[in-house]
Amino acid sequence: MKKLVIGILAHVDAGKTTLSEELLYLCGEIRKIGRVDHGDAFLDTYELEKERGITIFSKQALLKTENMEVTLLDTPGHVDFSAEMERTLQVLDYAILVINGMDGVQSHTMTLWRLLERYQIPTFLFVNKMDQQGTDHDALLNELKQHLDENCVDFGRAKDINSEDTDSDTYELTPEQLENIAVCEEDLLETYLETDIVEDRDIARLIVQRKIFPCYFGSALKEKGVKDFWNGVQKYTTEPKRPTEFGAKVFKIARDEQGNRLTYMKITGGSLKVKTLLSSNSNGQILPGRKAEEAAWEEKADQIRLYSGAKYELTSEAEAGTVCAVTGLTRTYPGEGLGIEQESELPILEPVLNYQIILPDDCDPHQMLQKLRQLEEEEPQLHILWDSQFSEIHAQLMGEVQIEILKKLIWDRFHVAVEFGAGSIVYKETVAEPVEGVGHFEPLRHYAEVHLLIEPGEPGSGCQFFTACSEDVLARNWQRLILTHLEEKEHIGVLTGSPLTDVQITILTGRAHAKHTEGGDFRQATYRAVRQGLRKARNILLEPYYEFRLEVPAEMIGRAMADVQKMQGTFDAPEVEGETAILKGTAAVAQMRDYQKEVVSYTHGTGKLFCSLKGYAPCKNQDEVVQNIGYDPEADLENPTGSVFCAHGAGFVVPWDQVEAYMHLQSGVDMDELDSESWYEDVESAQNPGTAVDNANISRNISGKNGKFSYSGSYEEEEELQAIFERTFGPMKRDRTAFQKKTVHSSTPATRYRAGKPRQEEYLLVDGYNIIFSWEELNELAKENIHAACDKLMDILSNYQGYRKCTLILVFDAYKVEGHVEEIITYHNIYVVYTKEAETADQYIEKTVHRIGRQYQVTVATSDGLEQVIIMGQGAHRISAQGLKKEIEDTEKTAREEWHQRRQSSKTYLFDHMSEEMQEQMEKIRLGENK
């Protein structure tokens, strides 16, 4: 017996629930067909649904036949509850699209069709209400082919629904219908032309592949055509192959009458047994607003319920293909994947209106906010928001009908009478050009710094996150943590506090402390980096746009076109069908939201306006909207723009526009070299939603060049290594040309340090213990006596400084010495530094480079790979421990050669001019060979 999950979808008032009642009756699940207008429909289980006569929440019913077991999911048809419908699509094997024969294909019908195409769901069509006068079978079929798909094929019995009994168990497709099916695939057409036969399995295969869409015409209320339709569903469907490993998709969260939390899921593979221990899927993405520690959970499935209408049966095991409700799970959310299932993408349909929830005077807004979170859990698209600036609760909704439903739900659930303020548009924000954001968080005993590249993304892409940081610079675990913090939060812009969208955020570089960094430090640094970047960026306000279809009498088309022009909308050339003119185009939601009433007024009820959300585009009156909203990013304490630094044992806040002066790292990406103007022009030109921005994907260019920086050469290789660094991370921001001019490269390093040659001031910082443990002779000495090794290194560097003529600073760690303060001593001609408690040599060197690296040529001697990259980013040169050793040996050798040359040229010796024979005799005398 095949097991299927079939969803039934329609525009409101198409008769979807009535068709569901008829199918339940045919399968013997109910004894009497209920009616929506009578309030006794089997699937309208909520009082609100019975009162208003519409489906608000998706529900399920179990239908069984001799060879098939179907879970029928009834979805809401009203536009305001489209998100509930869309979440259900993720678990369907097949879909039934019901169309009102009186209205034909409407705007919302086309929206449903696009969603079915997006999720690739095989679809049957049932054209309902064909018993009413004015319906035309052929015209409707042509409309389906024109607006939906040309492969919509009539599978029904008769064109006139009242001409004969259209319901029979023995009905077979006519030759004309078989031919219409065969032409949908070339291979099938060849077979049909040879045999005049189309196999049922071929029809079923084409339906699964969405190459044909069976269409049936009838009347669910009059029980006409429904039996043929249901027989076709049984005959031309196949059960998909399901994996043996456990997998489940969560599509709905609800609560029963006792308040128990229900997790509705479809078992997509294997089976689920009672008391099975379930856990979150670690491979899934983190939804905005959900932190990583909140997303990880492990809980037992207490009960498995199989619902059919308002009633349910308990079962000990749910097999693959079953839709069930599970109790005992408190952390699940719609779209979550369990087992082998992955996360689902967020719904396309989203609310565009923002309303303030006005509470009674005696109601605590904070307590009410927590209660409303329960409703948001059941309806994620509700978007309950807390405005900390005004201490207000806001909700993002689809329309007026949803407001009335929500008011009734809040009263029934919490016994609080709320009102809703005037609705405002839900805006979004993006950036017009690439910008680097820096976040630093360093209160006492905490440390994290993050550099992010924020660049425009394609319209409709949302927020995407990448990394272009080498693991030698920042360990992989820290990079993953930064990505997690980027994903877990819905970032808001700085113009109006609206959600950020259509951006790509890339990790450029970052830094952690080996001892003091904790996970929460990177969360703070990441959030602050995003906000600091947005404060520097050229921001663009986006507003939602409708795609509309306006039908008015032909003589009123001029008025309609003038109205759209006043709205600053766009439209195509009008189409005329009989006495009706059709205008199609796009316009901002803010301009068109109340236009429906005006259309009805000036057309005296004959005009129709169909709108569907098309996307977001730049707001044409951005300055006016920003001024009216009055958002102050600096007053938003929950989303700070500045960073926290530490000095003298205490943290202090640095404003966003001064962070670069205090930051510890350089990303190496020069924003001035990017063609920022082209970004702005591209975004500005995208006035119509869906226009792609031709982005130069910087993040991919950077991430494709990650390299490992482990430098072990001498100064001779400095220029080459610098070129590699700049090819990877971009040119450095500091003016290094002055430093490069100081160095005269030649075949021998010592020529650069020749005594008496004028030069500008240079600094050499040496990581003492790193050098000692890297040089073999000093390492062996350190095993016997570490102090002796330190003294010998100090002597070697003193001699070296005599030739180098630079300021040489030798740094030793003393951070483990309790109570030790920073100590600086002069040893001959060099400075020796012993760091203070809790400060390593690396930290001291980096601090020093950061302070003097802008004014002098600074070189750091260390073999610490991470330290080399960090100081390189600060504009300093670097040399490895072995490279320094070779430099010292070459310098000493050159110095000895110069000494001998000077000695020979300045003095005359007794035996310098002896003959070779005399010299040989003198040598024998010296050796005692000649008496």
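Here is a quick tour of this structure, from the whole chain down to single residues. What you're looking at is a predicted model. The chain has 931 residues, and 52% of them count as buried. Its secondary structure comes to 30 helices and 40 strands.

**The chain as a whole**
- Take the contacts in the chain with a separation of 6 or more: 72% of them come from residues 24 or more positions apart.
- About 43,400 Å² of the chain is exposed, and carbon and sulfur atoms supply 46% of that area.
- If you go looking for disulfides, a search of the whole structure turns up 0.
- Two cysteines are worth a glance: Cys27 counts as buried because its relative accessibility is 16%, under the 20% cut-off.
- Cys646, at 27% relative accessibility, counts as partly exposed.

**The sheet of 7 strands**
- Start with an open sheet of 7 strands, in the order E2-E3-E1-E4-E5-E7-E6, with mixed pairing.
- Strand E2 (59–64) and E6 stand at the edges with a single partner strand each, so one side of each has no neighbour in the sheet.
- From one strand to the next, the twist in this sheet averages 25 degrees.
- Strand E1 (residues 2–10) pairs with strand E3 (residues 68–74) in the parallel sense, over 7 bridges.
- Within that pairing, Ile6 has Leu72 in E3 as its bridge partner.
- Helix H4 (residues 107–118) packs on the sheet, where it touches E1, strand E4 (94–100), strand E5 (123–128) and strand E7 (213–217).
- The direction of H4 makes about 165 degrees with that of E4.

**Two helices and their buried residues**
- Helix H6 (residues 175–182) has Gln177, Leu178, Ile181 and Ala182 as its buried residues.
- Looking down the axis of H6, you'd find these buried residues within an arc of 140 degrees, so they line one face of the helix.
- That fits a general pattern: an α-helix has 3.6 residues a turn, so residues three or four places apart point the same way.
- The cover over the buried residues of H6 includes strand E6 (152–154), helix H7 (186–195) and helix H8 (200–208).
- Helix H9 (residues 226–235) has 7 of its 10 residues buried, so it is largely enclosed by the rest of the structure.
- The buried residues of H9 include Phe229, Trp230 and Val233, along with Asp228 and Gln234.

**Strand E31 and its partners**
- Strand E31 is largely enclosed by the rest of the structure, because 7 of its 9 residues are buried.
- Strand E28 (residues 539–553) runs antiparallel to E31, and 9 bridges join the two.
- Leu550 stands opposite Leu583 in E31.
- Strand E29 (residues 570–571) is also antiparallel to E31, joined by 2 bridges, and Phe571 has Gly585 as its bridge partner in E31.
- Strand E30 (residues 575–577) is joined to E31 by 3 bridges, again antiparallel, with Glu575 standing opposite Ile582.
- The hairpin of E30 and E31 has 2 residues between the strands, and Gly578 takes a positive phi near 70 degrees there.

**A closer look at Ala588**
- Ala588 is found in strand E31 (residues 580–588).
- This residue is buried, with a relative accessible area of 4%.
- Leaving out residues up to four places away in sequence, Ala588 touches Glu543, Pro544 and Tyr545.
- Ala588 and Pro618 are 30 residues apart in sequence, and their C-alpha atoms are 10.0 Å apart in space.

**The sheet of 6 strands**
- Further along the chain there's an open sheet of 6 strands, ordered E37-E38-E36-E35-E39-E40, with mixed pairing.
- Strand E37 (823–827) and strand E40 (877–879) are at the edges, each with a single partner strand, so one side of each is left without a neighbour in the sheet.
- The twist here averages 20 degrees from one strand to the next.
- Strand E36 (residues 807–812) and strand E38 (residues 830–834) run parallel and are joined by 4 bridges, with Leu810 opposite Val832 in E38.
- Helix H26 (residues 786–804) packs on the sheet, touching strand E35 (762–767), E36, E37, E38 and strand E39 (857–861).
- The direction of H26 makes about 165 degrees with that of E36.
- Helix H27 (residues 841–852) packs on the sheet too, touching E35, E36, E37, E38 and E39, and its direction makes about 165 degrees with that of E35.

Terms used. Residues are numbered from 1 along each chain as its sequence is written. This is a predicted model: local features need pLDDT of at least 70, side-chain atom pairs count only at pLDDT 80 or more; totals for chains, interfaces and linings use all residues. Side-chain values use heavy atoms; hydrogens and water are left out. A disulfide is a pair of cysteine sulfur atoms within 2.5 Å. Buried means under 20% relative accessible area, exposed over 50%, partly exposed in between (1.4 Å probe, protein chains only). Contact means heavy atoms within 4.5 Å. Accessible areas come from the Shrake-Rupley method with a 1.4 Å probe; for residues, only the protein chains shown count as cover. The arc is that of the directions from the helix axis to the C-beta atoms. Two strands pair if DSSP finds at least two bridges between them. Axes are lines fitted to C-alpha atoms, for helices over the stretch in contact, and angles run from 0 to 180 degrees between N-to-C directions.
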